[in-house]
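The report below is written for someone who is meeting this structure for the first time. It begins with one residue and its surroundings and then widens to the whole chain.

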Amino acid sequence: MEITGFFTALIIGLVIGALGRLVVPGKQNIPIWLTLLIGVVAALVGTLVAGAFGVDDTPGIDWIELVLQVGFAAIGVAVFAGLYGRRRI
């Protein structure tokens, strides 16, 4: 991953976190900063996984990479919402 790809993943990750939160059904009791952090991590992981499968550099919009990123964000939001929800008393 090049440095421009890294910064792009960080910026896109903020949007990906919000999309991941929208994909997960129900109310998530996690702070917005955690959602954005999950999105950034999911964007980076999704980019790495897309690169491993060789679908990270396609002509036009990288739809497969985007779906991977949103999927990882949704999984992350669901997991952390479950963990964060149990932590509260």
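## Glycine 17 and its surroundings

Glycine 17 is found in helix α1, which covers residues 3-23. In this model, which is predicted, glycine 17 has a relative accessible area of 0% and therefore counts as buried, since that term applies to values under 20%. Leaving aside its neighbours within four places in sequence, glycine 17 is in contact with Thr35, Gly39 and Val77.

Two C-alpha to C-alpha distances help to place glycine 17 relative to other parts of the chain. Tryptophan 33 is 16 residues away from glycine 17 in sequence, and the two are 9.5 Å apart in space. Alanine 43 is separated from glycine 17 by 26 residues in sequence, while the distance in space is 8.4 Å.

## Residues of helix α2

One of the contacts of glycine 17 is Thr35, and threonine 35 has its place in helix α2, which covers residues 32-53. Threonine 35 is itself buried, with a relative accessible area of 0%. When residues up to four places away in sequence are not counted, threonine 35 touches Gly17, Ala18, Arg21, Ile30 and Val77. Val77 thus appears in the list for threonine 35 and also in the list for glycine 17.

Alanine 43 also has its place in helix α2, and alanine 43 is buried. Leucine 37 lies in helix α2 too, but leucine 37 is partly exposed, because its relative accessible area of 45% falls between the limits of 20% and 50%. The table gathers the values for these residues.

| Residue | Relative accessible area | Class |
|---|---|---|
| Glycine 17 | 0% | buried |
| Threonine 35 | 0% | buried |
| Leucine 37 | 45% | partly exposed |
| Alanine 43 | 0% | buried |

Leucine 37 is also part of a nonpolar surface patch of about 500 Å², which is made by Ile32, Trp33, Leu37, Val41 and Val45.

## The nonpolar core

Which residues make up the largest nonpolar core? This core has 8 residues, namely Val24, Ile30, Leu34, Ile38, Ala74, Val77, Ala81 and Tyr84. The elements that give two or more residues to this core are α2 and α3, the latter covering residues 63-87. Helix α3 gives the most to this core, with 4 residues.

Tyrosine 84, a member of this core, touches Asn29, Ile30, Pro31 and Leu34, not counting residues up to four places away in sequence. Among these partners, Ile30 and Leu34 are listed in the core as well. Ile30 is also touched by threonine 35.

## The protein as a whole

The protein has 3 helices and 0 strands, and along the sequence its pattern reads α-α-α. Of its 89 residues, 33% count as buried. Among the contacts with a separation of 6 or more, 66% come from residues that are 24 or more positions apart. The accessible surface of the protein comes to about 5800 Å², and carbon and sulfur atoms account for 74% of that area.

As for confidence in the prediction, the mean pLDDT of the protein is 81, and 90% of its residues reach 70 or more. Confidence is lowest in α1, at a mean of 78, and highest in α2, at 88. Glycine 17 is found in α1, whereas threonine 35 has its place in α2, and these two helices are the ones with the lowest and the highest confidence.

Terms used: Residues numbered from 1 in each chain as written. Predicted model: local features only at pLDDT ≥ 70, side-chain atom pairs only at ≥ 80, totals over all residues. Heavy atoms only, no water. Buried < 20%, exposed > 50% of the residue type's maximum accessible area, 1.4 Å probe, protein only. Contact = heavy atoms within 4.5 Å. Areas by Shrake-Rupley, 256 points an atom, 1.4 Å probe, with all protein chains shown as cover. Core = buried A, V, L, I, M, F, W, Y, C linked by side-chain atoms within 4.5 Å. pLDDT = per-residue confidence, 0-100. Patch = residues over 30% accessible without salt bridge, like charges linked within 9 Å, V, L, I, M, F, W, Y side chains within 5 Å. Salt bridge = Lys/Arg side-chain N within 4 Å of Asp/Glu carboxyl O.
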